[in-house]
Amino acid sequence: MSSEPKSPTPTPGDTYKGWLFKWTNYIKGYQRRWFVLSNGLLSYYRTQAEMGHTCRGTINLATANIVVEDSCNFVISNGGAQTYHLKASSEVERQRWITALELAFDTGNNSDDSCEDGPSAPPTSGHGGGRTLDIQSTLRTLGSKVEDLDTCNDLIVKHGSALQRSLSELEGIQPGADVGDKMRQVTERATLFRITSNAMINACRDFLSLAQNHSKRWQKALQLERDQRVRLEETLEQLAKQHNHLERAFRGATVLPSSNSNAALGSKGALSGKGDSSDEDDNNVFFDAMEEPAEFITVPADPKYHRRSGSNVSGFSNETGMDDLSVNFDELSMASSPESPQSLELEPVRQRRSRIPDKPNYYLNLWSIMKNCIGKELSKIPMPVNFNEPLSMLQRLSEDLEYYELLDKASKCQSSLEQMCYVAAFTVSSYSTTVHRTGKPFNPLLGETFELDRLRECGYRSLCEQVSHHPPAAAHHAFSEKGWTLRQEITLASKFRGKYLSIMPLGAIQCMFAKSNNHYSWKKVTTTVHNIIVGKLWIDQSGEIDVVNHKTGDRCHLKFAPYSYFSRDVPRKVTGVVTDKDGKAHYVLSGTWDEKMEFSRIMQSSKSENGAEGKQRTVYQTLKAKEIWRKNPLPEGAETMYFFSSLALTLNEPEEGVAPTDSRRRPDQRLMEDGHWDEANAEKQRLEEKQRMVRREREREVIKAAQTPDEASTQEPITDSPLKTPHQDSHQALWFEKTDDAQSGETLHVYKGGYWETKDSGAWDMCPDIF
């Protein structure tokens, strides 16, 4: 700040000045403004020089609220159309302003408000400000008046009873008795009753007068709160419309040259109806100043690289098995091969279902369930099926194989660097099914399994098993006749933060290719579900992934950019660079995790000069980009079928011969898919209680075995069911065993075999009774 306030602790009536950052709108964000606090009025100017001729806005503090948001931000609102969202340069500076504003409430006047801008951002919920002390003082006064009324009431009851007794005694007096004494007693008690009644009348008059004086102010304050709530609802609706409009605009927009980008974004600035009208003629920098700069820049390579033949480019054709001027060999082979997905799709071995029952329109208030669960893990929150989708987490894990063709193509690559591109694209493709999937999958029961046998159609088989309950962990193994094996173990750590839900997948994913013995590993990024409380739910993926080839040392660094209103980039953007063991870059990947990915060969790289951000970036000269993956379109009517993909629609299809523990046999999940949600909720509670009882029984057996070790060691272990073994714990599984991987150094559950042989024989006696 170029100018500091005059005094750290101003007194009432002082003029307090200084720079603050004021929120203008969603395009420009916070702008630096000069604020002056004087005589209970807070005014602001664009510069100090404007103080003599142009006031940009003034707010009366006499009826204003102050809400402190965080260490540097605070909000001032008068309950009407004026709301200032302000940010100080430091926490100390913010506290100085708060102190000055609170003191100004005592000297605020009733000047007419004049401000050129409407509400500059969505109002922040909260209570506080200048009316707090006034309300507390009024309540104390009313309380004392109520106490006076209670005292008068007690006295009236006391003296009234005494007067009634005296009158009764007077009526029953015998003739000739001393009537004078009785009359004097009645007169005295009547006088006391009259005095007490007058005191009650005066106290009632004072209470009524005080209540009437403050009634209008309270009614006005109540009306202001109601109006503010209506404006908040309208603002939220407007923001939702703007969000949809901006998203469509971003999706339909093409990448513009830097000279035209500001003009194009300037046309979109009209979408925001908030902020200072005077602020809208500022410079047209419509991106967030804090936006993280790109790590690298790609530019077209020198034409000489395109003119060369494959033999003239040193090692390029031999290394990659492809030439930029020719059609990709893998694409031709996949199109002409009788085993290609296209030919298999034309003549499927089995006709899979393409529809499931439509989702019923059940309403349930999410906030009524989640408000007491802030900060807890999602796996420990009892949730009804109303928020679920009719698939288990094991089935969602199997959906990673929707674009298995990428691994089929990778297995044919002669170059490990090109193979890395296909593996990286496969890691991105696994998120494409989540963009509209806001439903929560069913938490698998311990010992639950799910098989996905697509050997005849697609050439692969997949098996998942829930190997741990607390923390929940699932192991996955898939192998293909095309020469690749995929295995992963996923543990979900989730936190509900109030406005959003963060899901952090823990655990490693590995992919091995038999022909080249290349061994890849990576981990998943964070998934965030937004608008938990208000608005339409939407999902974002953010974070970084390092795909490592442990045999060659090749690496691909992928970056999932978090969604931002202020970013110039396309939403859900993903970028990556493939490097060898020496750190030399060979390929650049770019695209979005919900639509497509492209890759291009790097011919030359250099360092750029320091840009406006003061950060040096790498410039890659690349050949023309090629599409490596594109999302399959959703089936018709997907919006009424939980936005399931074509593969997801078949995952819960009943199938004969699967294990008794298979997710397809879950009764609660089946009832929900059929639309019987009430019965599904009851069945879900039954299964969860059954699982808790089995766990308690297992714990008792473990304690009992630990108390008599000699006796336990002489007994034959019970091995007919993993849930009946005395030493069974949540880390043991039926089809997987925990193993240390020598190449990656990861410890994970690896498939130990036996499942498909058991399926062929139909002998499922060893499976636990979990349903």
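**Close-up views of the predicted model**

**View 1. F643 sits in the loop between β26 (626–630) and α13 (646–651).** Helices and strands here are DSSP runs, H or I over at least four residues for a helix and E over at least two for a strand, numbered from the N terminus. The model is predicted, so local features need pLDDT of at least 70 and side-chain atom pairs count only at pLDDT 80 or more, whereas totals for chains, interfaces and linings use all residues. Residues are numbered from 1 along each chain as its sequence is written, and side-chain values use heavy atoms, with hydrogens and water left out. Look at the backbone of F643: its phi is positive, about 60°, although the residue is not a glycine. With a relative accessible area of 29%, F643 is partly exposed; buried means under 20%, exposed over 50%, and partly exposed in between (1.4 Å probe, protein chains only).

**View 2. N39 is another loop residue with a positive phi.** Its value is near 55°, in a residue other than glycine. N39 belongs to the loop between β2 and β3 (41–45), and its relative accessible area of 46% makes it partly exposed.

**View 3. The whole chain gives the setting for the close-ups.** It holds 17 helices and 28 strands. Of the 771 residues, 46% are buried. Contacts (heavy atoms within 4.5 Å) can also be sorted by sequence separation: among those between residues at least 6 apart, 61% join residues at least 24 apart.

**View 4. W19 and W34 form an edge-to-face aromatic pair.** Rings of Phe, Tyr and Trp (its six-membered ring) pair if their centres lie within 6.5 Å; planes under 30 degrees apart are stacked, those over 60 edge-to-face, and the rest tilted. By this rule the model has 20 aromatic pairs. For W19 and W34, the centres are 5.3 Å apart and the planes meet at 70°. W19 is in strand β1 (residues 16–25) and W34 in strand β2 (residues 29–38), so the pair ties together parts 15 residues apart in sequence. Both W19 and W34 are buried. Elsewhere, ring pairs link W735, Y755, W756 and W764 into a cluster.

**View 5. Two lysines sit over tyrosine rings, K87 over Y30 and K524 over Y431.** A charge counts as over a ring if NZ of Lys or CZ of Arg is within 6 Å of the ring centre and within 35 degrees of the ring normal. K87 is 4.3 Å from the ring centre of Y30. For K524, the charged end is 5.2 Å from the centre of the Y431 ring.

**View 6. Strands β5 (residues 65–68) and β6 (residues 73–77) run antiparallel.** They are joined by 4 bridges; strands pair if DSSP finds at least two bridges between them. The hairpin from β5 to β6 passes through 4 residues, and I66 has I76 as its bridge partner in β6. S77 also lies in β6 and is buried, at 6% relative accessibility. Its side chain makes a polar contact of 3.4 Å with that of T83. A polar contact is a pair of N or O atoms within 3.5 Å; within protein, one must be able to donate a hydrogen and the other to accept it, and residues adjacent in sequence count only if both atoms are side-chain atoms. Beyond four places in sequence, the contacts of S77 include I59, N65 and Q228.

**View 7. D554 is a buried residue in the loop between β20 (538–549) and β21 (555–560).** Its relative accessible area is 4%. The side chains of D554 and S416 share a polar contact of 2.7 Å. D554 and D580 are 26 residues apart in sequence, yet their C-alpha atoms are 4.2 Å apart. Among the other residues that D554 touches, beyond four places in sequence, are L417, M420, V547 and K581.

**View 8. Two cysteines are shown without a disulfide, C204 and C556.** A disulfide is a pair of cysteine sulfur atoms within 2.5 Å, and the count is 0. The sulfur of C204 is 7.8 Å from the closest cysteine sulfur, that of C152, which is too far for a bond. For C556, the nearest cysteine sulfur belongs to C421, 6.9 Å away. C204 is partly exposed at 36% relative accessibility, while C556 is buried at 0%.
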